[in-house]
Every structure is written in structure tokens, then in C-alpha cells.
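Let's take a walk through this protein together, from its charged pairs to its greasy interior. Keep the sequence and the 3D view open as you read.

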Amino acid sequence: LRTDEEKTKGALLFAWVTDFPLFEPTKKDGYFGPSHHMFTAPVPDDVPLLDRDPHAVRSTQYDLVCNGYEVGGGSIRIHDANLQEKIFRLVGLEVERAHKQFRHLLEAFSYGVPPHGGIACGIDRMLMLLAGEPSIREVIAFPKNQTAEDVLLGAPSELDLHQLKELHVKVSQ
């Protein structure tokens, strides 16, 4: 008889992770912090909880995991202006400022935006698993070290004054 470990050796074992909370613990300023982003839709059955227990609300966020590594993640987005405004208020974004910043989005809602979502896939992590490598750095074309430096290109490097002036950046100490 083979053990479970022997049966799964070399296998790619996938799982979907769902039912994330919509909000992180309350911030010091009394507002809520989105656990994913402020455009993530709540689970429809949980919407009534936004008025009385926002921490009990689940999000429509999802992660795809393979052999313990996150290889993708995303969410279904809010597609209703009233719900989006409610979330803006809960995270402490004033409605006037939200309308100024996200006018294009809120206006689009008035035309009847369909439910929509997305996922970002970690192709480099999948390659690491498929190649049997212990680190993602083994499959990334231009890997960075532990301090986010690119040793091949010597980046980041210091900018000279001409480059800073061109970028309209002033450095002060």
C-alpha cells in the first residue's frame, strides 16, 4: 500500500479559497479597511449586514491555491452605485470626494453595468511548481534579491540631478 504522500508526490493539488471578510478590523479612525479593495462586492445575502454588522459581511473575493501557493486571485466588483457609495462611507471616503475621484465609474453604473470580475494569475508561481523549483526566483526572467535589488542590472541606482529635474522630483533631507 502506498501512503497518501506517495500517491500525491508530483501532483498539482488545487483549491479555491473563498468567504473572505469584506473588511479588516476597524481602523483607529473608526472606519473600516477593505480586505481586498473598496470595489469588491459583498456576498449578496450579506448586504443587509452592512448597516448593522459590517465585520460579518463576506466578500466575493477568491484565491486559487496550488500545493499551498497562491497562484491566482481576484473578486467580483460592485456594480451598483448605491452600494458603492455605502462602501465609500464605511471606509471613510466622503461621498463628494468619491464622486470627484470616481465619477467615471459611478456614472457608468447609471447605464446598467453588468456584474463583472477578474482574476490575476501567478504564472511565475505555476512555472515554479511545474519545474519543481524551490523558489520563484528560479523561474523569473529578471529576479530581485531579498532587498528588491536587481543585481544583474544594478537597479535601483541613484538618479543624477538632470534626471530628477526632468521628472520634477526634488529630494530633501
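Asp150 is buried, with a relative accessible area of just 5%. The cut-off for buried is under 20%, so Asp150 qualifies. Keep in mind that this is a predicted model. Asp150 has a charged partner: Lys144 forms a salt bridge with it, and the closest N and O atoms are 4.0 Å apart. Is that Lys144 buried, exposed or something in between? Lys144 is partly exposed, at a relative accessible area of 41%.

By the rule used here, the model has four salt bridges. Here are three pairs to look up in the viewer:

| Pair | Closest N to O distance |
|---|---|
| Asp19 and Arg58 | 3.6 Å |
| Lys86 and Asp51 | 2.8 Å |
| Lys144 and Asp150 | 4.0 Å |

Let's start with Asp19 and Arg58, whose side chains meet in a salt bridge. Both residues sit in the loop between β1 (14-17) and β2 (61-66), so their pairing ties together parts that are 39 residues apart in sequence. Asp19 is partly exposed at 47% relative accessible area, and Arg58 also counts as partly exposed, at 31%. There's a bit more going on here, since Asp19, Asp46 and Arg58 are linked in a network of salt bridges.

Next up is the pair of Lys86 and Asp51, joined by a salt bridge at 2.8 Å. Which parts does this one tie together? Lys86 lies in helix α2 and Asp51 in the loop between β1 and β2, so the bridge links parts that are 35 residues apart in sequence. Lys86 is partly exposed, with 22% relative accessible area, while Asp51 is exposed, with 61%.

Now for the inside. In soluble globular proteins, nonpolar side chains tend to be buried together. In this model, the largest nonpolar core has 19 residues, and Phe23, Met38, Leu50, Ile87, Phe88 and Leu93 are the ones touching the most other members. Helices α2 (81-90) and α4 (103-109) each supply at least two residues of this core, and the largest share, four residues, comes from α2.

Zoom in on Phe23 for a moment. Setting aside neighbours within four places in sequence, what is Phe23 in contact with? The list includes Phe32, Pro34, Leu50, Pro54, His55, Ile87, Leu90 and Val91. Apart from the largest core lies another one, of six residues, among them Cys66, Met126, Met128 and Leu129.

Not every nonpolar side chain is tucked away, though: Leu12, Phe14, Ile123, Leu127 and Leu130 form a nonpolar patch on the surface, with about 490 Å² of accessible area together. Which element gives the patch its largest share? That's helix α5 (residues 123-131), with three residues. Leu130 is found in α5, and Leu130 is exposed, with a relative accessible area of 57%.

Last stop: Asp160, in the loop between α5 and α6 (161-166). Asp160 is partly exposed, at 41% relative accessible area. Its side chain reaches the backbone nitrogen of Gln163 at 2.8 Å. And here's a distance to try in your viewer: Asp160 and Tyr111 are 49 residues apart in sequence and 49 Å apart in space, C-alpha to C-alpha.

Terms used: Residues are numbered from 1 along each chain as its sequence is written. This is a predicted model: local features need pLDDT of at least 70, side-chain atom pairs count only at pLDDT 80 or more; totals for chains, interfaces and linings use all residues. Side-chain values use heavy atoms; hydrogens and water are left out. Patches are made of residues with over 30% relative accessible area and no salt bridge: like charges are joined within 9 Å, nonpolar side chains (Val, Leu, Ile, Met, Phe, Trp, Tyr) within 5 Å. Accessible areas come from the Shrake-Rupley method with a 1.4 Å probe; for residues, only the protein chains shown count as cover. Buried means under 20% relative accessible area, exposed over 50%, partly exposed in between (1.4 Å probe, protein chains only). A polar contact is a pair of N or O atoms within 3.5 Å; within protein, one must be able to donate a hydrogen and the other to accept it, and residues adjacent in sequence count only if both atoms are side-chain atoms. A nonpolar core is a set of buried Ala, Val, Leu, Ile, Met, Phe, Trp, Tyr and Cys residues joined through side-chain atoms within 4.5 Å. Contact means heavy atoms within 4.5 Å.
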